[in-house]
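Here's a quick briefing on a few spots worth pulling up in your viewer. Have a look at the sequence and structure first, then work through the points below.

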Amino acid sequence: MNGVLLEDYDGLLFDLDGTVYRGEQPLPSAAEVVRAAREHGRAVRFVTNNASRRPAEVADHLNELDLNTGPDEVSTSAQAGAALLAERVPAGSKVLVLGAEGLVEEVRLVGLTPVRSADEKPVGVVQGLSKTLGWPEFAEATLAIQAGALWVACNLDLVLPTERGMLPGNGALVAAVRAATGAEPLVAGKPAATQLDQAASSAGLSRPLVVGDRLDTDIEGAVTAGMDSLLVLTGVATPASLLAAPAHQRPRHVSAGLEGLLAPTADSEISGPSGWKSTVDGSRLVLAHDGGSEHDLSALRSLCSAWWASGTGTPKVVAADHAAEAALRRLALD
């Protein structure tokens, strides 16, 4: 285990959906990686933008996946959203909850009073994902926001990875309220730094690694919080979206899955040696095999390193040889 990526950091901040599991199914190496981190004295926190479940419920699910987790190791965007409101409104204030019962509980825990109707004249609205919300609930939130209530969104995730595919996330539902009110919410979860900072602080971490599958939440959140990150390609992000990522959504590391945490650091670091040579030629990015590893992720790291140093947007990627042509085809970059 000497020299592997997880040993470079004092703790790991894991995203859940699309990173540790997809829907109800665990992703490969999740239990092995978490067990190895703990054996090496690294703290573990599970930082999820899902606001629909209580920390204890999340921990129960993780325990079913053999991750041996307690509620104190779970940080939800419901907790972050409730805390954000508590910082901005007086103690005991009425807050309209547009979300699941787990979010209601978090609002109570920070000393605020959850309500469900705009007729209660709430001073705040907090919105998190619930799969049973309907038009009546959205109407109450809309009325409260139009009357001047402070609006906090637990997260802006547009989609939710499941075993059936990508389904609407909280961000898609926030968009409906935004369209109806013309207002913009404060955001508590990733990519805001609040939730990641809270999770790192709870474990006493000074050098955490954020591990996630989304560029616009996990990775952008890490950049905002000044933390290194590992992107895993088991959820939302693809090789093409990574290559085209703007500066504020670029990870330090990339791997196919969580097993990258058990491999040498150089195997995942974008700027590390790759066995490939990538050259920028205007808007073109040319990939050539350079005599070393022919691993597809090594080729992707080479492409990202070259393009990020000199270009932005989406390049036209071309192959200089047969090995490069095959790698680009497997990465869906041809």
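Start with helix 10, where D296, L297, S298, A299, L300, R301, S302, L303, C304, A306, W307 and W308 are buried. Keep in mind that this is a predicted model.

**Helix 10**
- That list adds up to a mostly covered helix, with 12 of its 15 residues buried.
- The buried residues pack against helix 9 (239-243), helix 11 (322-330) and four strands: strand 15 (253-255), strand 16 (276-281), strand 17 (284-289) and strand 18 (316-319).
- Its length checks out too: at 1.5 Å a residue, the 15 residues of helix 10 (residues 296-310) should span 21 Å, and the end C-alpha atoms sit 22 Å apart, which agrees.

**Helix 5 against helix 6**
- Helix 5 (residues 135-146) packs on helix 6 (residues 170-181) at an angle of about 50°, and their axes are 10 Å apart.
- That angle makes helix 5 oblique to helix 6.
- The crossing of helix 5 past helix 6 is right-handed.
- On the helix 5 side you'll find F138, T142, I145 and Q146, which meet L173, V177, A180 and T181 of helix 6.
- Sorted by type, the residues of this contact come out as 5 nonpolar, 3 polar and no charged.
- As background, an α-helix has 3.6 residues a turn, so residues three or four places apart point the same way.

**The loop after helix 5**
- G148 sits in the loop between helix 5 and strand 9 (150-153).
- With 60% relative accessibility, G148 counts as exposed, because the cut-off is over 50%.
- G148 and F46 are 102 residues apart in sequence, and their C-alpha atoms are 34 Å apart in space.

Note on methods: Residues are numbered from 1 along each chain as its sequence is written. This is a predicted model: local features need pLDDT of at least 70, side-chain atom pairs count only at pLDDT 80 or more; totals for chains, interfaces and linings use all residues. Side-chain values use heavy atoms; hydrogens and water are left out. Axes are lines fitted to C-alpha atoms, for helices over the stretch in contact, and angles run from 0 to 180 degrees between N-to-C directions. Helices (H or I, at least four residues) and strands (E, at least two) are DSSP runs, numbered from the N terminus. Angles under 35 degrees count as roughly parallel, over 145 as roughly antiparallel, 65 to 115 as roughly perpendicular and the rest as oblique. A crossing is left-handed if the near helix is turned anticlockwise from the far one by less than a right angle, and right-handed if clockwise. Contact means heavy atoms within 4.5 Å. Ala, Val, Leu, Ile, Met, Phe, Trp, Tyr, Cys and Pro count as nonpolar, Asp, Glu, Lys and Arg as charged, and the others, Gly among them, as polar. The expected span of a helix is 1.5 Å times one less than its number of residues. Buried means under 20% relative accessible area, exposed over 50%, partly exposed in between (1.4 Å probe, protein chains only).
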